[in-house]
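Morning, everyone. Please have the sequence and the 3D view open while I talk.

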Amino acid sequence: MRREVIVEGNTYNGALEKGLKALGVEPGKVKVEVLQEGRTMMGIVIKPYRLLLYVEEENHKVKENSYEQRSQSFVVEYKEDGVYLTVYIPPSKFTKADEEAIMYHLKRKKIQGLMVDAVAQAMHVNPGRPVKVAEPQPELPVDEEVLVHISQDGMLATMMLLPPDGGRLLEYKDVIQALTDKGVVYGIDENAIRQALNSRRYGQEVIVARGKPPQNGEDAKLTYHFKPDKKSKPEIREDGTVDYHSLDNIENVTKGQVLVTLTPSTPGVDGKTVLGTSVPAKPGKPLVLPAGKNVVVSDDGLKLLAAIDGKVEMIGGRVHVYSVHEVKNNVDNSTGNINFVGSVIIHGNVLSGFEVRAGGSIEVRGVVEGATLIAEGDVILRKGLQGAKKGMIRAGGSVTARFIENGTVYAKGDVTAEAIMHSNVVSGQYVRLIGKRALIVGGRVHAALGITASTIGSPMATSTVLEVGISPEIRQEYEQLKEELQRLEKEQRKIEQALAVLSRMESSGRLPLDKVITKHKALRARDEYSLKIPTIKARLFELEEAFLKGAHGKIHVKKVVYPGVSITIGQSTFNVKDPINYVTFLRDEGEIRFVTYEG
């Protein structure tokens, strides 16, 4: 025989504990079916867990606090001088459920002239003693009764039998009629009803109808036929030198070539409650083809094609095909500043004071002086940046250079070079020094995820700052969001107070027109804040997770790190006092320590 119970809880373990207690069994002797997955956001329960627990057993044991057990804790007697109620539960253990069970039993007995005060005295004042609760009368027979309950989501209907007392037993058709009266028309389990009538285990909930949960649709999917995250990686020769001519950073495509294929979302299959109500399925999330510049969508809307021959790049979440703008010589007075939608190749130098902007990547085969380079993609310097404290590079992708000297570099991706000297470098990912020198000396180098070099600092104790963790830009966003959240929550409290005052005014009479307008404005603002505040909290949570991830970043030094070097990982800082060889710095329990080189 199967016994089962349905429970809810804020967590899976909390719901499971309730079910085990209700069935009176130990863990491992029960089977569990998850009817509804729970969900929390920022510590707030959005949706509770809903579990079905059941156990198969030969001999039924009445569960604790069941209807049968409660009915055995009191007795109603019909005597010559009246009807008497005796309650055997001590007041210290008497519960609201016990009181409800007794009152319901008295109602079923149809006792005439029931004295409520006397019933209360029997339950709370004189336990164990008969108390007269009505004048003499004949005992009326009580028929067997069935109670039908429908779950809140309409996906389950349960029945509970209550025992007869001299009356008739229910038949199958009576239970069906009770279900019909409650509106249950779908998913009725005839076998479960017949088993319940055969076993007649009173006070036990039995599932007798199940709805059909909706089957949510599949999300749309994009399949890329090129490498959207392709990065420039210079080749390191066997002798330790770097070949900047073999970057493999361009992926060429031809006109009509398929770049992306879209698999559409599906609508899903609707469900149905036991009441016959349709439950709409959640359709899959749609996607659109990420069409950028110089691409076309096929007639069926499922393919993205190259419109021209050129270089394919993924920038800002969109696919672009660019032709390349080439400068045969220097960027100087003969060219002026360059602002191009695609990628730029400069065969000469970029002289001081000039600016190059590109919607794709920038490649410079000469030297960048005190100039400005801004690219939405990668920046590749075959030689390097000799910035004279004026040169600046900003890249939406990675930056690769032979050397970076007396300049400023910002990259959302990696920064890779043979030497970084007296410069300010910020990377959204890794800073990697390669080649024979692999040197960082002077200035400040900041990387979100980690730094690798052979030599850091100099024997002359040159001041050199290395930082690993979230970039200042992200930290600034975090602080701004915290301030915005505090402001919105303060405004929200003011709105709630104002609405409370207006509600009191409205309850005592009609609001004047200006107060009605104020109320509508406050309601609109409350709705707006109820959307904004959870969104900001979710973003703050994401940033806090990123802070923790950044705190696990490391700094690897293959050869030596000299005194004068300051190392910061997350919120912890370590100043190098003596030369340290072949070492990796990491953050452990709030402090920076170093171990043998892990790179």
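I'll go through two helix pairs, then three single residues.

One caveat up front: this is a predicted model.

Start with helix α4, residues 116-124. Which of its residues are buried? Four names: Ala-118, Val-119, Ala-122 and Met-123. They sit on the same side of α4, because they cover an arc of only 135° around the axis. The general rule behind that is simple. An α-helix has 3.6 residues a turn, so residues three or four places apart point the same way. What do the buried residues of α4 pack against? Strand β7 (82-87), helix α3 (96-108) and strand β8 (131-134).

Now take α3 and α4 as a pair. Their axes are 12 Å apart, and the packing angle is about 140°. That makes α3 and α4 oblique to each other. The cut-off matters here: roughly antiparallel needs an angle over 145 degrees. The crossing of α3 past α4 is right-handed. Who makes the contact? From α3, Glu-99, Ile-102, Met-103 and Leu-106. From α4, Val-119, Met-123 and His-124. By class, that contact holds five nonpolar residues, one polar and one charged. Note that Val-119 and Met-123 of α4 are buried, and both also belong to the contact with α3.

Second pair: helix α5, residues 172-181, and helix α6, residues 190-199. Their axes come within 10 Å and cross at roughly 125°. So α5 and α6 are oblique to each other as well. Their crossing is right-handed. On the α5 side, the contact uses Tyr-172, Val-175, Ile-176 and Leu-179. On the α6 side, the residues are Glu-190, Ile-193, Arg-194 and Leu-197. How do the contact residues of α5 with α6 divide by class? Six are nonpolar, none polar, and two charged.

Stay on α6 for a moment. Ala-192, Ile-193, Ala-196 and Leu-197 are buried there. Viewed down the axis, these buried residues fall within an arc of 135°, so they line one face of α6. On the other side, Asn-191 and Asn-198 are exposed. The cover over the buried residues of α6 includes β10 (156-162), α5 and β11 (206-210).

Next, backbone angles. Most residues other than glycine have a negative phi. Two residues here go the other way.

Asn-406 is not a glycine, yet its phi is positive, about 50°. Asn-406 lies in strand β31, residues 399-411. Buried or exposed? Neither: Asn-406 is partly exposed, with a relative accessible area of 22%. The limit for buried is under 20%.

The other is Ala-438, with a positive phi near 45°. Where is Ala-438? In the loop between β33 (430-433) and β34 (439-447). Ala-438 is buried, with a relative accessible area of 1%.

Last residue: Val-324, in strand β23, residues 324-327. Its relative accessible area is 33%, so Val-324 is partly exposed. Leaving out residues up to four places away in sequence, Val-324 touches Phe-340, Ser-343 and Ile-345. And how far is Val-324 from Leu-170? In sequence, the two are 154 residues apart. In space, C-alpha to C-alpha, they are 85 Å apart.

To close, back to the helices. The crossing of α3 and α4 is right-handed, and so is that of α5 and α6. Thanks; I'll take questions now.

Methods: Residues are numbered from 1 along each chain as its sequence is written. This is a predicted model: local features need pLDDT of at least 70, side-chain atom pairs count only at pLDDT 80 or more; totals for chains, interfaces and linings use all residues. Side-chain values use heavy atoms; hydrogens and water are left out. Buried means under 20% relative accessible area, exposed over 50%, partly exposed in between (1.4 Å probe, protein chains only). Helices (H or I, at least four residues) and strands (E, at least two) are DSSP runs, numbered from the N terminus. The arc is that of the directions from the helix axis to the C-beta atoms. Contact means heavy atoms within 4.5 Å. Axes are lines fitted to C-alpha atoms, for helices over the stretch in contact, and angles run from 0 to 180 degrees between N-to-C directions. Angles under 35 degrees count as roughly parallel, over 145 as roughly antiparallel, 65 to 115 as roughly perpendicular and the rest as oblique. A crossing is left-handed if the near helix is turned anticlockwise from the far one by less than a right angle, and right-handed if clockwise. Ala, Val, Leu, Ile, Met, Phe, Trp, Tyr, Cys and Pro count as nonpolar, Asp, Glu, Lys and Arg as charged, and the others, Gly among them, as polar.
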